[in-house]
Every structure is written in C-alpha cells, then in structure tokens.
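Here are a few exercises to work through with the model open beside you. Try each task before you read its solution.

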Amino acid sequence: MNHLTRRYWGVALLFSICCLTVQAQQVKYTTGNNEWDTDSLGNHRAVVHFKGGGTTARVVIPWRLRSIQPHQRIIVQDAATRQLVAPVYVRSLDREQGDIQFTPISGKGIYYVYYLPYKNEGRSNYPKGVYLQADHNVSEPLQGKLPAPNVTVQALQAIDTFNTFYPMEVIATAAEVKRLRAQHLQAPFLVFPEDRLHAIRMTDDLPQRWIQSGPGYRFAGKADKGEYFAWQLGLYALKHLQQVRIQFGDLRSAAGQVIPASRMSCINTDGTTYEATPLKQDVHVAADKVQAMWCGVDIPKEQAAGVYKGVVKIQAAGLAAVPVQVEITITDKLAVNGGADEPWKQTRLKWLNSTLAQENAVIAPYTPLVVQDRTIQLLGRQVTLGEDGLPAQIQTYFTPEMTSLSAVPRALLKQPIRLDVWTVDGGKPVDWQNTRWAFTGQQPGKVSWQAERKAQGLQLLLDASLEFDGYMIYTMRLIASQAVTVKDIALQIPMDATVARYMMGLNHKGGARPGHIDWKWDVAHKNQDGAWIGDVNGGLQFSLRDQHYSRPLNTNFYLQKPLVLPVSWGNGDKGGITMKEEKETWLIRSYSGERTLQQGDTLYFNFHLIVTPFHPINTDFQWANRFYHKYDNLDTIKRTGATVINIHHANPINPWINYPFIEHAKMKSYIDDAHRKGLKVKIYNTVRELSNRAYETFALRSLGHEVYTAGPGGGYAWLQEHVGKDYIAAWFVPEIKDAAIVNSGMNRWHNYYVEGMNWLVDHVGIDGIYLDDVAFDRVTMKRIKRVLTKAGHPGIIDLHSANQYNKHDGFINSALLYMEHFPYLNRLWFGEYFDYEQNDPDFFLTEVSGIPFGLMGEMLQDGGNPWRGMVYGMTSRLPWSETADPRNIWKVWDDFGIQGSKMIGYWVADNPVKSSDPKVPVTIYRKPGAVLLSIASWAATDTTVKLQIDWKALGIDPANAVIKAPEIRNFQEGRVFDKDAAIPVAKNKGWLLVIQ
C-alpha cells in the first residue's frame, strides 16, 4: 500500500451507512479533512478502488444527489500520483447515480472521482458558483468490449463535515419513493419524526434515511431540566395539505407529574411577532413535498426527573387528526441558561418568540413625556395637537450650536397640519366636523390619542401616538358612508420657511432646499416615500404609508424587494408630492388625485413624523471615544490612543457574519483582556443577512419566506448544494467560505437577535455593536439599546452605511433611510461612495455629519477630507485606510485640551469667528482663554481669507492673542499668523489654528 493510499485510509470517518445500490455494495460517507482544492475540484468526490484486470475501469457511483446538471463535468484523479485521468467517459448521469469509464493510469489502486466541480465567477464577495460542464464525450465508450462495473465505491466523501450530504440530503430513489407511496395509497400524508440534531433540509426529496426507517408515529428524546427541547415532525404530503396545525397534549410521568400542553408550541404555526403580537401562520404543503414542523417544549427548571408521555396530533384542513406518541425523558441535570449555551441543539429556537425588552420604558438620555392639555413635552421638543388630532404646532428648544437646550422655543409650523378633501373642482375642501377627541394612553414612553371627524358622505378615524424620542405614528382611515367622487385628498404640512432651510429625500441629495419640488411615486425603482426638511436645530421627517406597508430590502437589494405602492397616497399614478414657498410658508402637499369611493370603501392615509433633533450633540463623547476598526493585538491598539475596538466579522473571534456565537469563548477571552487594559470592545452584528453557519439555518428555512426572503438562489456553491433554491445570496468571505443569505426584513429573527445581544452582554461582555446598515425598524433598535445598556453597560452603537443614493438602493439618502434609528446611535460612519471632495458644506452637514439630529460622525471613502471633516468634528477611523491616520489630529485635540470645549459651528449666526469668504467656513472649539479654529475651503481655487473675530465674545484680549498653526503631519505646516493676516488656503484644504 503506497503512502497516498495509506493517507486515504487514514482520513477520519464521519459517517457510515449500509444501503442497497445498483451494485448491492455498502457505501460509506466520510470527510476529506480539507485535503483537496475545492475551488477547482468541488466539495465532493467518490473514493473508488480499481482491483485490476484490464485497461478500462468502469464504476457506477450511487451518489443520490439533490441536484446535478445533465452535462456535469466529472474529474478523475489518480490517488497515487495526483495526476488527472483523461479521457473520462460518462455513459449516464442523473441524480441517483453516475456510470463512468476511465483509464486507470496507475493500474490497481485508489482513484478519486470528483462530481460537482465548480468555479467562482463575479465579485469575490458576491460570487456566482458556476458548475463546470463536461469536456469529455458523454456517450462514446472506450474502444473494445464494454466491461461490467469493475471498480468498487469505497466512500462518498465531502471536503469537511459542513459540506457533507449525509444523512439528511442523501435522496431516496424514484423507485424507493414509488414503493413507499404504493404502501400507503390511502394516507393523505406520512409522518417522519426526527430529532433536533438531524434537521430536515429538503422539501422536494425524501432522505434515504426515511426509506430505511419508514414512517413513524412515535418520538422519543432526552432533555435536561429547564431546557428548551426541540424536535421535528417531518410531513410528506401524498396530497395537497392545507392549514396544517399541531395540537399538543399534556405530557405525564408515571408519578403523576405533568408538563402542560401550554409549554409546547410549533414555530411553524404559532409564535410572537417582533412587535410582541400573537402570530398565527398557515402552513400548506403541496403534494409530493416535505415540510418540517419544528416543535418545542419549554421544560420548567423545577420539573421532576422522569419519563413523560403524551400525544401530539397533526391536523390538516378537512382531514382526520393523526396522533404521534411523544416520550421525553427528563434528566436530573439542570440546563445552563435554558440550554442556550448549546445552540447546536436548537435550544435557541425559543428566542424566536421572545418579548425581551419590549416594554416602552424611556431610554437615556430621553425624558418621560409630559402632557398638559393637548401639548406633549419631550426632550428638547413639544407637540401641540389640534381638535382634529393632527399637530397644530411643533416646537424645538435646541440652540443653534446643538450643544444645549434653549429656554426660547422655535416653531416649526406656520399653520396646523391638516388633511383636506375636495369633492368639487376648484372649490374649497370639505368642512369637517370634529365629533370626538380623546387621549387613549398616557405612559412615560408613549402617549396615544384618537379623533373622529365627519363630513357629508365621509368619516375620518384617526389613531395616533408620540413616543419619547419624537417619533409620531398616524393611522387615518377615510371611510365612505355613501358613494362619493373626490377630486383630491392631500396632507398639507405648512412649515415656517425660515426653518425649511435644508432638505433631503424625494430624489434630492441633502443640502439647501430647492425652490420647489414636484415628485411622483416610482416604487419599482425608487425607495422614496417621504423627506426630511428643516434646520440644524429643528426639522421634520415625514413618510407616507398605508396598511400594506412592508419594509423593503436595502443595500444593493432594493430592486428585489421594493416598496409597496400605498393604495391611498399613490392612487395608481395620480398621487405625488409638491413643495413650494408661499407667504413665508414652505408648504408640503402630499396629494392623491381624483377617485370614486363606493359606500363602505376605506382608505388608509397613514403617515409617520419624526421631530428633529433628538438630543444635543455630545462632543465630549466624540473626543474621548476613538474607534479602532480592526481585530488586532490589544497592546498595539492601546499604543495608538484608540479607546474603543470594533471587531468586524471574518476574524478568529467573530468569523461568521451576524452569528457571533460559535467562537464566543475566544471572543470573551479577548474582551476580558481588553477591559483589563482599559479598552472597550464592540462587535459587528446585525440582521441584514445571516451566515450559513447558523445552527438554525434549516429550521429557519422551514418557515418559508418569513426569515429568508424569496429570490433566484445561486451564489456560492454551498448554498446551491444545500439550500437549493428560492433565496438571495448575500455577502461572502472567500478566506473562510462564509456564505450569507439575505434576511426577508421584519420577522421573528429580530426576537432572536435581541436575545442574542442580551446573551452576548451577559456572557461575553460586549460593550456595544457596530451596525453595517440596518435591516430592522426602530422597534428592534429600541430593544437592542435596552439590552445593551442594562445594568450600567455602555451600549455604544455606531452605524455605517455606504451612500445608498444610487440605482441598486433605490436612490434613498442613507440619513433619511436610517433616521428612525438615530435616537439610539452614538456615532455615524457614512461611508463608501460619500464624496467628500465634490459635495458642498450643506451636503456634509445634512447627510454625513449627523449634527442636525444630535449625532456626530466619521469619514471613510478615500480616508475622508481631514480639513473639511474637522469643521464638523469628524476624523477618519483608524486603521481603515492607509491614506488616513487620525492620530495626528487626535494629538492636536489633546494638546489643545478639546475635552470640555464648546463647539460653535459655522452655521451658527453669532459664531464669534468668521472668514471673509463664505466658501471657507470656520467652526470653533472654545474654552476659557483659548480657542481652536477649524477652517476648510470649498472655494474653486486656492484662495486667501481674513478672519473676522469678535474678541469680546471669545473672552480673549486681542492685544495678547497669538494665532498659531501647530505642525501636523500630512495636514499642515507649523506657522504663526498676525491677527489681521491674509491666511492662504489651498483648494479643498484648510487649517487648524489655535488662538490663546
């Protein structure tokens, strides 16, 4: 036996199984211990043994594959020499087996037959696995008489355990299925109970395992006290099944102990939504399809040990219930954390129905809502309601600097917001009569109210709420009490024109608002349903919705799941939005156009409002928390001056995207060490996509499109081979072959996500999270902030986004898309494709800096523009870009003592320091006796400016003042300027000057 043959026999055996094949031989399933190059040979091979006797080898391989292409390339390799064998002839090839001939170049011995080779095409992080087509003759045999099969299949081998098809993806043959069906002609479906370690993976095929075992109507398992114990009931539909339900009965021990049926559930049919409402889902199973029904029992910690027996019934509409005997042995062992520390046992499926952190408790720094008459006060803002339930006035109390609150409010509205209906061309809107108004709930975190209005033939029912962060939800039902033709229905928001200084949304980048807006719906191509309009210290975001709203996908996937056109606002192609200035009013008019309503018709004119800013900016947090965005040696990080580490995915302690649980012990060790060195650690974790390494992958797939969105499939080979079809392939990491699948949006995975974060805080000690775009809404964000900040944990959240104002993202402004999350963030990092060179200061202010919303940010693309960034208190992030290193600027901060200074931006009218050129603005950082000036140029060419300084306001005696430019590597040369000097400013650059 040569050394290569010995190497084969030394490969660790994963599984073995005896099965009848066309050759009546035993087939073993093993793993290859990563010993071959999968990118050229694929993930699977047959290990075959040619015993000699002739010059032609013929083997029939019973591979039983879910899918194989008719002209799939087959590669044969000599195990002794690793030489590829040619030619190779495929006499027949299908899902059940392949009949292959080749010339055994080394004579007797071991040969490898690779049967799913592929190559990756497309982008490295979004690969397209393309299976290689045959380059051999598919029909012509080798010369001479056709030999009988003379090669033994010794094993079917996957590259590793993660890629194996055994046992749940080894398909039954068509003949086996036919015999099974013939044995059960009268049954509408067959039941195959499975334990939690054998997740049902296929819906179009039966596993061979089920042919061997036959259908069964008894399940037995073993669990610990306090454990969430999951199991499966696999249904094979012999006819179409509708509304499949699982009925649970009590489990009883011989000693009379009971586990009540109320502690059992099926995640496929029942649960709790991410908004904490009951969920009932219909499960239909088409004929000849397989459906996994994941059941679970939440065993009490105090449950006595013993054997518990009961009956579970499977019921489909119109059919008799089928009983399954269930027997669970409860051990004396108490499960740790309900078994959540052993997720491979599917113990965390319980998390899908969690209501953790759903209470609407106020989150710091926000304050409880206060109601006086119809005025609701919240942090830095107040809303006064009219008798119709709509805002009559909205006021903010933020100073222009955005660093504190003012005693004098700023009114955002010139007139009350109203919903007008016209029934006559050119006439006045209908005269509403207010018939009811009442507060329906007053809690510290949320105030709710209702109103009713009537006009001839119409009724308007309003339900609304305002939360502690400034988010307002309006549900308005317009009901026709008789047939009526309306000429238009429009929501009118009359903003004070002096407040409506900036705008973003509705096909406009952030910046100074245009002279007018005339916008139409185009949901197929544009993720646009509203806008933000306002000033630095006061503004409104509005978005238009109806009862069919579903959050679209984002970040390159919008076109695959776009907005649903609101029936009410869109009205086919008749709806739209106009904005224009009229008599000191910036009038926002969302109209829906002409339509006829029949008696009883109901239209939902829903909309959301967000009152900005959310809170004053926390400049001291910006100066003190310096992010290091890379997994690295802790001492190396400490020496840079960074204080907070962001652990991305695809590294040893957080390898799998959005599933940071597998290497949690390594993560905890790293974080504990970081804490001892005075560093904080945050991790990458969100829900936009989910790693294929998640233990729950196939349980989640059994939920249909609830967690994973529908899609064309494809992507990396593992997804094609094991997930099969009907998904969207997401981010891929070539180095570790982490292949993610796109999440469908708003679903119960968010409950799991919240529980997972809570577990990471409690058991790993994370200090926060880094969000790379967000695929959930503010309900989940609030819950995440609560669990991250509980018991004094820092709970730092920073959000990164690439600029989504492009075709693939539906031309949505990132800040507009994520504004509902801003109240709970600590920092922005916007991001790839944000152009820091070509856009004006208004774009920086509104779309990048976060300042009009109470946040501060950092730059990314090409390292950012350090001169312009400092006008907004921003630097780049270490060590993301080789072209940008913020440490030199951090040193200026420390030398000046920026901690505790007051930031006064160039947008503040009474800023004590201005430049002589409005295209070269100045922001100052003032403290007693000294001021740091940030000057940046947006002038078209090199220029010079003179500083216009209010020395009295600065509190500095000009006679003794010195203006100094400190030496800053890669930023500026050291200089001293006279008080009246003309300061040269290079194009796209600027200065940091210290006056003291």
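**Exercise 1. The pocket lining**

How do the residues of the lining of the largest pocket divide into nonpolar, polar and charged?

Solution. Keep in mind that this is a predicted model.
- Start with the pocket itself, which has a volume of about 970 Å³.
- Next, find its middle: 40 residues line this pocket, and the closest to its centre are Thr203, Asp204, Arg701, Val723 and Lys725.
- Now sort the lining by type: 15 residues are nonpolar, 14 are polar and eleven are charged.
- Finally, look at the elements involved. At least two lining residues each come from β22 (290–298), α9 (697–701) and α10 (717–723). The largest share, four residues, belongs to α10.

**Exercise 2. Two cysteines**

Work out why Cys266 and Cys295 are not bonded to each other.

Solution.
- Begin with the global search: across the whole structure, zero disulfides turn up.
- Then check the distance. From the sulfur of Cys266, the closest cysteine sulfur is in Cys295, 4.6 Å away. A disulfide needs the two sulfurs within 2.5 Å, so this gap is too far for a bond.
- Flip the viewpoint: for Cys295, the nearest cysteine sulfur is that of Cys266, and Cys295 is in no disulfide.
- As for surroundings, Cys266 counts as buried at 1% relative accessibility, and Cys295 counts as buried at 1% too.

**Exercise 3. The nonpolar cores**

Find which residues have the most contacts inside the largest nonpolar core, then trace the contacts of Met579.

Solution.
- A general point helps first: nonpolar side chains in soluble globular proteins tend to be buried together.
- Here the largest nonpolar core has 269 residues, and Trp449, Phe542, Met579, Ile766 and Phe822 have the most contacts inside it.
- Its largest share, eight residues, is supplied by helix α11 (residues 749–763).
- Zoom in on Met579. Beyond its neighbours within four places in sequence, its contacts include Met503, Leu506, His516, Phe542 and Trp586.
- Don't stop there: a second, separate core has 32 residues, among them Leu233, Leu235, Ile259 and Val324.

**Exercise 4. Around Ala965**

Is Ala965 buried or exposed, and which residues does Ala965 touch?

Solution.
- Place the residue: Ala965 sits in strand β63 (residues 963–965).
- Ala965 has a relative accessible area of 1%, so it is buried.
- Leaving out residues up to four places away in sequence, Ala965 touches Gln972, Glu973, Gly974, Arg975, Phe977, Trp991, Leu992 and Leu993.
- To finish, compare sequence with space: Ala965 and Val994 are 29 residues apart in sequence, with their C-alpha atoms 6.3 Å apart.

Methods: Residues numbered from 1 in each chain as written. Predicted model: local features only at pLDDT ≥ 70, side-chain atom pairs only at ≥ 80, totals over all residues. Heavy atoms only, no water. Buried < 20%, exposed > 50% of the residue type's maximum accessible area, 1.4 Å probe, protein only. Core = buried A, V, L, I, M, F, W, Y, C linked by side-chain atoms within 4.5 Å. Contact = heavy atoms within 4.5 Å. 1 Å grid on protein atoms, 1.4 Å probe; cavity = no way out; pocket = protein on both sides within 12 Å on 5 of 7 lines; lining within 4 Å. Points joined across faces, edges and corners; volume = space filled by probe spheres on them. Nonpolar A, V, L, I, M, F, W, Y, C, P; charged D, E, K, R; others polar.
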